[in-house]
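Here are my notes on the model, set out as numbered points for discussion. They begin with a single pair of residues and work outwards from there.

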Amino acid sequence: MKPVDTSFCLAHLLVCVNERHGSSLPSCANKDAEAIYQRLRDWIEAHGMLSRIWLTRTGCLGWCHVQGTTVAIYPQNIWYRALTLEDCDRLIAEHLEPLLR
Ligand code: FES
């Protein structure tokens with residue numbers, strides 16, 4: 001076992017892209033989860049921050065909602081559910097842009 005140096009990581013975003021089959025429960029994959037992941041990734045990449053702002057697709061984070069996707073930001077411990085593609089600009093402005101300063 002080898003510890004990983006995460007000291008250069010400013011934030012790690014977890015984006016649920018879970019897709020359910022055979023269930024009536026909501027599924028983030030049905031609510032633009034992949035497009036949300038890509039929108040966030042494009043912004044991070046455009047700002048040259050891929051090594052400092054990490055982004056990971058995940059399975060169900062437990063806050064499924066019919067209106068959107070679940071995203072968590074660590075170590076800030078900020079969570080959103082029902083996040084839409086239209087909400088990405090606000091998430092970026094409030095939580096990612098300040099990391100550039
Ligand atoms: S399916 Fe995304 S939080 Fe459950």
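1. In this predicted model, a convenient place to begin is Val71, which stands opposite Tyr80 in strand E4. Val71 is also the bridge partner, in E3, of Val15. The pairing between E3 and E4 is antiparallel and extends over four bridges, and that between E1 and E3 is likewise antiparallel, again over four bridges. Leu14, for its part, stands opposite Ala72 in E3.

2. The wider arrangement is an open sheet of four strands in the order E2-E1-E3-E4, with mixed pairing. The edge strands are E2 and E4, each of which pairs on one side only. Direction ignored, neighbouring strands of the sheet are turned by 15 degrees against each other on average.

3. The connection from E3 to E4 is a hairpin with three residues between the strands, and in this hairpin Asn77 adopts a positive phi near 60 degrees. Another positive phi, near 65 degrees, is found at Gly48, which follows helix H1.

4. How much of E3 is buried? Five of its six residues are, so the strand is largely enclosed by the rest of the structure. Ile73 lies in this strand and, because its relative accessibility is 1%, under the 20% limit, it counts as buried. Leaving aside neighbours within four places in sequence, the contacts of Ile73 are with Ala11, His12, Leu13, Ile78, Leu91 and His95. By contrast with these contacts, Lys2 and Ile73 are 24 Å apart in space, C-alpha to C-alpha, with their positions 71 residues apart in sequence.

5. Helix H1 covers residues 33–46, and its length can be checked: at 1.5 Å a residue its 14 residues should span 20 Å, and the C-alpha atoms at its ends are indeed 20 Å apart, which agrees. The buried residues of H1 are Ala33, Ile36, Tyr37, Leu40, Trp43 and Ile44. Viewed down the helix axis, the buried residues of H1 fall within an arc of 130 degrees, so they line one face of the helix. Their cover includes strand E1 (11–16), strand E2 (53–58), strand E3 (69–74), strand E4 (78–83) and helix H2 (88–96).

6. Helix H2 can be described in a parallel way, with Cys88, Leu91, Ile92, His95 and Leu96 buried. These buried residues fall within an arc of 100 degrees when seen down the axis of H2, so they too line one face of their helix. What covers them includes E1, H1, E2, E3 and E4. As noted under point 4, Leu91 and His95 are among the contacts of Ile73.

7. On the placing of the helices against the strands, H1 packs on the sheet, where it touches E1, E2, E3 and E4, and its direction makes about 165 degrees with that of E2. H2 lies across E1, E2, E3 and E4, and runs at about 175 degrees to E4.

8. Two residues, Thr58 and Asn18, deserve to be read together, since each appears in the contact list of the other. Thr58 lies in strand E2, whereas Asn18 is found in the loop between E1 and H1. With neighbours within four places in sequence left aside, Thr58 is in contact with Leu14, Val15, Cys16, Val17 and Asn18, while Asn18 is in contact with Ser27, Cys28, Ala29, Thr58, Gly59 and Cys60. Their classification as buried should be read with the cut-off in view: because buried means under 20% relative accessible area, Thr58 at 18% counts as buried, and so does Asn18 at 19%.

9. Which cysteines, if any, are joined? A search of the whole structure finds zero disulfides. Cys88 is in no disulfide, and the nearest cysteine sulfur, that of Cys28, is 12 Å away, whereas a disulfide would require the two sulfur atoms to be within 2.5 Å. Cys88 has 0% relative accessibility and therefore counts as buried, but Cys64 is partly exposed, with a relative accessible area of 22%.

Note on methods. Residues numbered from 1 in each chain as written. Predicted model: local features only at pLDDT ≥ 70, side-chain atom pairs only at ≥ 80, totals over all residues. Heavy atoms only, no water. Helix = DSSP H or I, 4+ residues; strand = E, 2+ residues; numbered from the N terminus. Expected span 1.5 Å × (residues − 1). Buried < 20%, exposed > 50% of the residue type's maximum accessible area, 1.4 Å probe, protein only. Arc of directions from axis to C-beta. Contact = heavy atoms within 4.5 Å. Pairing = 2+ DSSP bridges. Axes fitted to C-alpha atoms, helices over the stretch in contact; angles between N-to-C directions.
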